[in-house]
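Visitor: I would like to take a close look at a single part of this model, and then to see how the same kind of description reads elsewhere in the chain.

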Amino acid sequence: MKEDVKRTENTKTSPLRERLETYTPDIPSPAAAKATRLLMRLLTLNCPAKFHYEFDKREMKGRQVLILAQHASRNDPYYVNVGYPFVNPNAIMSKHNVLIPGMYKLLLADGVILKELYEPDFSAMRHLMRLHKKGASFLLFPEGIESTDGTTQPLHPATARLIKKLAMDTVLCKSHGSFLYGPKFDTSKRKGRLEFNFEILFRKEEFENMTEEEIYSRLLEKFRYNDFEWNKEKQYKYKGKFPLAHKIDNLLYICPHCKKQFSMHVEEDKLVCDCGRSVAIDECYNLLPDDKSDFPFERIDQWYRWQQSVIAEEVEKSDFILKEDVTYKVLNLDDLKQGRFISVGEGRVELDHENLRYIGTKNGEEVECEFDISRIPSAAINSEHANQIYYDGEYYQFAIEKDLRRSTRLMMAIEALHDMTDPERKKAREDAVRK
């Protein structure tokens with residue numbers, strides 16, 4: 001059986017499903033906003049941040065603004081909320097990030113605007129414009145996902161268009177050390193220097209005479225970040241339960257010497273390859289190779305970018321195809337007490353130049369799902385290191401559980417293939433790292 005990838009009717013309507021189907025975001029409830037800020041303050045106590053403001057804080061109280069924030073780490077929403085208490089913004093969030101057991105009711109009371117990752121969402125835009133007229137402020141993470149490698153992720157090409165359309169006083173929140181405190185490749189807690197800086201990026205009076213290109217250029221110039229480059233100079237130390245190399249082979253999986261993939265593994269504070277070469281990672285995230293004379297990288301992000309170029313060359317081959325055995329998971333819209341994601345099948349994914357396919361089972365039936373690569377900018381990795389996409393309004397998660405490192409390769413391959421079909425997205429990816 002081949003399954004059309006589109007919304008399916010669910011005969012059983014759980015209270016959660018019903019609530020989502022009837023949900024319309026509104027101005028945040030003051031009580032909910034207060035409770036959320038208190039909760040998020042508690043969640044940041046483990047690693048307090050230094051907050052800096054390049055404006056008079058008294059002037060910002062109650063002032064309608066659009067807050068644009070970097071998303072270096074999964075923890076950033078907590079710190080942005082705590083660091084900017086002058087308004088209670090409606091946050092634009094993906095559904096899978098909202099449906100957190102024990103928190104989703106609070107977030108809905110906060111008026112979050114649900115947005116499907118990478119998918120055109122006219123409903124979200126309508127809610128934005130409606131709430132804008134009611135005097136709402138907004139919080140947006142333009143990258144859409146948290147950083148994979150501690151550097152800027154591509155800014156959606158439509159971001160400048162949205163900023164101009166809203167024409168609001170716009171505040172930029174920049175961070176330093178956020179990825180180093182909470183890297184995507186490892187969910188274990190780490191402590192170290194963490195800074196958040198708030199500045200006014202645009203004043204609403206400017207937009208009348210600014211083009212989208214000028215807006216994008218200023219945003220990009222101010223928005224770019226690189227935590228590893230920053231700490232190469234600062235040399236702040238980060239410490240956790242495990243050495244900083246813990247699980248970094250989920251990120252760095254190609255040996256720069258023998259060029260083999262998935263030949264690297266972690267031994268305490270070192271990445272060790274089967275070829276015998278190794279590199280230690282110290283408390284400042286410095287790379288300390290066993291032989292400095294022929295090691296090609298100074299920083300972790302440079303190593304990751306090189307891997308991207310290796311995969312980009314692979315996918316250009318005419319006979320390219322990638323296959324992986326996966327567990328198929330979906331959002332749990334019936335009982336969040338059992339967790340956000342539930343397994344509904346097993347099978348394999350196949351990736352070629354045109355499509356990503358899932359061939360396997362779903363709820364005990366044989367299915368085949370096909371996803372047009374031109375519509376998938378990425379298959380972002382979540383906290384469980386599984387690949388996830390939205391497609392025609394549905395959430396799909398594919399977990400390569402036998403080897404989590406392979407999820408990184410699958411994501412890179414999908415991004416490289418998509419960029420071959422989408423010059424605008426390719427430019428955004430290049431712009432993110434170019435200085």
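Visitor: Which word fits Leu131, buried or exposed, and what is its relative accessible area?

Guide: Leu131 is buried, with a relative accessible area of 0%, where buried means under 20%, exposed means over 50% and partly exposed lies in between, computed with a 1.4 Å probe on protein chains only. Since this is a predicted model, local features need a pLDDT of at least 70 and side-chain atom pairs count only at pLDDT 80 or more, while totals for chains, interfaces and linings use all residues. Residues are numbered from 1 along each chain as its sequence is written, and side-chain values use heavy atoms, with hydrogens and water left out.

Leu131 belongs to helix α7, residues 122-133; helices (H or I, at least four residues) and strands (E, at least two) are DSSP runs numbered from the N terminus. If neighbours within four places in sequence are set aside, Leu131 is in contact with Pro25, Asp26, Ile27, Asn90, Ile113, Ala136 and Phe138, contact being heavy atoms within 4.5 Å. Between the C-alpha atoms of Leu131 and Gly111, which are 20 residues apart along the chain, the separation is 9.7 Å.

Elsewhere, the axes of helix α2 (residues 30-43) and helix α4 (residues 76-83) come within 9 Å and cross at roughly 120°, the axes being lines fitted to C-alpha atoms, for helices over the stretch in contact, with angles from 0 to 180 degrees between N-to-C directions. That crossing makes α2 oblique to α4, the term left over once angles under 35 degrees are called roughly parallel, over 145 roughly antiparallel and 65 to 115 roughly perpendicular. The residues in contact are Thr36, Arg37, Met40, Arg41 and Leu43 of α2 with Pro77, Tyr78, Asn81 and Val82 of α4.

The aromatic residues can be described in a similar way, and a search of the whole structure finds 32 aromatic pairs. Rings of Phe, Tyr and Trp (its six-membered ring) pair if their centres lie within 6.5 Å, and planes under 30 degrees apart count as stacked, over 60 as edge-to-face and the rest as tilted. The pair of Tyr328 and Phe398 is tilted, because the ring centres are 5.5 Å apart and the planes stand at 35°. Tyr328 lies in strand β14 (residues 322-331) and Phe398 in strand β19 (residues 394-399), so that this pair links distant parts of the chain, 70 residues apart; both Tyr328 and Phe398 are buried. Phe341 and Tyr395, by contrast, form a stacked pair, with ring centres 5.6 Å apart and planes at 15°, and since Phe341 is in strand β15 (residues 341-351) and Tyr395 in strand β19, the pair ties together parts that are 54 residues apart in sequence. Phe341 is buried at a relative accessible area of 14%, and Tyr395 counts as buried at 5% relative accessibility. Ring pairs also link Tyr328, Tyr358, Phe371, Tyr391, Tyr396 and Phe398 into a cluster.

Two backbone details remain, and they are best read against the fact that most residues other than glycine have a negative phi. Tyr285, although not a glycine, has a positive phi of about 70°; Tyr285 sits in the loop between β12 (278-281) and β13 (287-289) and is buried at 4% relative accessibility. His385, likewise not a glycine, has a positive phi of about 60°, and His385 is found in the loop between β17 (365-372) and β18 (387-391), buried with a relative accessible area of 6%.
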